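Let's take a walk through this structure together, one piece at a time. Please have the sequence and the 3D view open as you read.

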Amino acid sequence: MDIKKNWWKVLSVILMLYVLIAGILIPISPGLLDFDNSNAITGQKYNVKVKAYNTHFDQAKNLNAYLLLPSDQMLPADHIDLINAVELSASFSIPQDIIPDSVDRLDCSIVIDNEIDGYVQYPDAVTIKDTGSVSQLLEYKALVPISSLQGVDDFNFPFRPIVYETVRNTFFHVAIWMAMFLILLVSCYHSIRYLMSTDLLHDQKSSALTSVALVFGIAGLITGSMWARFTWGTWWTNDVKLNMTSIALLIYCSYWILRSSLTDIDTRARLSSVFNLFSFIALMILVMVIPRMTDSLHPGNGGNPAFGDEDLDNTLRTIFYPAIIAYTLLGLWIAQLSVRYYRAKDNIELMIYNNSK
Amino acid sequence: MELDKKLRDLLNIMKSIITTFFLIIQCTLTLSAQSEIDDFFRSTGKIYTVLGVVVILFLVLIIYLIRIEKKISIIEKQINDE
Amino acid sequence: MLHRIFHIARRDLTLEFRERYSFLSAILYLIAITFIVYKVFGRIEPPTRIGLFWILILFTCINVVSYSFSFHGQKRKYYHYILYRSYELIIAKWLINLVKMLIAGFLLVLLQSIFADEPMKDIALFSKVYLLSIFGMTAAMTLISSISSYSQNQNTLIAIMSIPLLIPILLVGMRLSLISERIIVDTEIDNYLMMLVGIDIVYIAILIIFIPLTWKA
């Protein structure tokens, strides 16, 4: 095997293994999942039981619970009861002067802090209201600035509500779609080359690349449907992007039907190149443009922030970009094998024909 | 020669099927291992099984591709020599 | 150029008028299906009526346009190649199909209003929607039928290849016609209309740019 000529195939294998191992093994950051009491009243005690994820409360020596006020100050808890490594219950005494005169209620976050996990917070969890009643004389604690939180430097994947662990699917599902787009781009390039030069090699290359892209697209749809099952509960939603993507895949299936129904090689090559270019344009419009104009559950469309700034953390990026490269190179390898196989078959037939003359 | 070509035809079809399955299975396993999210514990024991299965499937695919690559290189060299 | 396009269109129209059984059979399908549906169901709710309308338009579009490129013999094909420039021919055929679909759509709206005993609630919006959808649908169908005229089983190929292309237009058109019947209330009508215009422009541009590439030099 000529390693120097095929360095990119070795690179794709190495990158895929890296993506698989790192993507599955790196843990998710700790976070707060749930709490049970969201109303607090000034002058009274506020008891809450919180459930966290991926925390080590039982091993922490310096465990604190706070209510984070909008003024960036924190109210410490009076008392913390550990239930287990991920659950605890805390009680706070809410001072009476905590609500400034300009507003009538405060929305606070619950923050739990320890030296192993750093801090976990549930934003906008509690509403503090003033009913004017005082239950008993309570000992109020002093407010603490936000800088006293302990940060921890750890390489973790971000904690996202609703998806939790399945954020790892970004490297598989989304990377497959991106790889599909790149492979289709290369296929369109070869189609244009064919139309300009009528060299049948380009037609073979573009058809092999399109078939690999179709396989990736179907795999992307199925993985997306599974992801939807685990996060939103259904296999298929009435989402614009999902519909448009399946329509785009149907267009590529019809590319194959067109190709297989034509017998003359030159006509087949010419028509399928034209159809390939035109389905790529249709794909771009259907999948990129239309979902942005309407509401969609997918990130980056319909008013949601774009998939790039808010959805991709820096830690996710270090595995996401290699995943795209790995899938693209893998697809290019499979397409190259396909082209070489068909050309070898044609050459053998040509040789047999020449020898028999 | 004929038998070799027929075998390769079959292998090519199976290749595309296996690629699709591989890409799907690795996601299924990753996601199904996370269904223990309700316990709020990291399923450390099971995650290594998932990783092992996915890596083994991937390596099977790669070995298959390398085999096909070798066979095609041999045939191309034969064609070039003639 | 416009002159030549109209000349080709007029010539093709006279030819088709001589053999008008194909277009009239599509119209007959329309009338028969509407008749049967209204007789069986009695009274049809507005959502069903709109769904029926769009399904029948899709079906008629496929029927009508697939005839435009089914040449009677190879000789006519070569005649076209030699005499006309490709984009003029394709625009002429597109205009003919547009006219046919306009007739079919008008007839269907009339029929439905007669059978259902009530007219449509927002005819202005509905006709806008229909016009825009027809532009896009006939462009896509003309493109597909010209590509598939090179193969053997032309009709199946046309049906298979055209359905994915027509679905976006149908989706937006159905949503807009539901709005026009006041079944759902949506404030983004202009957004959808612009989307239809966009899809139409894309299909027409693809028609004009890519068809000349498929012709032999």
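A good place to begin is A:Asp124, which lies in strand β9 (residues 118–129) of chain A. Helices (H or I, at least four residues) and strands (E, at least two) are DSSP runs, numbered from the N terminus. Phi of A:Asp124 is near 55°, a positive value in a residue other than glycine. Most residues other than glycine have a negative phi. A:Asp124 is partly exposed, because 13 other C-beta atoms lie within 10 Å. On this scale a residue is buried if 20 or more other C-beta atoms lie within 10 Å of its own, exposed if 12 or fewer, and partly exposed in between, with C-beta atoms placed from the backbone.

Before going on, a word on what you are looking at. This is a predicted model, in which local features need pLDDT of at least 70 and side-chain atom pairs count only at pLDDT 80 or more, while totals for chains, interfaces and linings use all residues. Residues are numbered from 1 along each chain as its sequence is written, and chains are lettered from A and ligands numbered from 1 in the order in which they are written.

A second residue with a positive phi is A:Thr198, at about 50°, although it is not a glycine. You will find A:Thr198 in the loop between α2 and α3 (200–231) of chain A. A:Thr198 is partly exposed, with 14 other C-beta atoms within 10 Å. In helix α2 (residues 173–197) of chain A sits A:Ile192, and A:Ile192 is partly exposed too, with 15 other C-beta atoms within 10 Å. How far apart in space are A:Ile192 and A:Ile83? From C-alpha to C-alpha they are 66 Å apart, and in sequence they are 109 residues apart.

Now step back to chain A as a whole. Its secondary structure comes to 6 helices and 10 strands, and of its 357 residues, 43% count as buried. Two residues are in contact if their C-beta atoms, placed from the backbone, lie within 7 Å. Among contacts in chain A between residues at least 6 apart in sequence, 71% join residues at least 24 apart. The average pLDDT of chain A, pLDDT being the predictor's confidence in each residue from 0 to 100, is 81, and 90% of the residues score at least 70. Among the elements of chain A, α2(A) has the highest mean pLDDT (92) and strand β10 (residues 144–145) the lowest (72). Over residues 300–309 of chain A the pLDDT is below 50, and this stretch has 17 contacts in the model beyond near neighbours in sequence.

Next, look at how two helices of chain A meet. The axes of helix α1 (residues 7–25) and helix α6 (residues 314–356) of chain A come within 8 Å and cross at roughly 140°. Axes are lines fitted to C-alpha atoms, for helices over the stretch in contact, and angles run from 0 to 180 degrees between N-to-C directions. That crossing makes α1(A) oblique to α6(A), since angles under 35 degrees count as roughly parallel, over 145 as roughly antiparallel, 65 to 115 as roughly perpendicular and the rest as oblique. The crossing of α1(A) and α6(A) is left-handed; a crossing is left-handed if the near helix is turned anticlockwise from the far one by less than a right angle, and right-handed if clockwise. Residues making the contact include A:Trp8, A:Leu15 and A:Tyr18 of α1(A) and A:Pro322, A:Leu329 and A:Trp333 of α6(A). By class, this contact of α1(A) with α6(A) has 15 nonpolar, 2 polar and 1 charged residues. Here Ala, Val, Leu, Ile, Met, Phe, Trp, Tyr, Cys and Pro count as nonpolar, Asp, Glu, Lys and Arg as charged, and the others, Gly among them, as polar.

Turn now to chain B, which has 2 helices and 0 strands. Buried residues make up 17% of its 82 residues. The mean pLDDT of chain B is 74, and pLDDT stays under 50 over residues 35–41 of chain B. Where chain B meets chain A, 33 residues of chain B are in contact with 40 residues of chain A. The largest share of the side of chain B that touches chain A, 15 residues, comes from α2(B).

Finally, 19 residues of chain C are in contact with 22 residues of chain A. By class, the side of chain C that touches chain A has 14 nonpolar, 5 polar and no charged residues.
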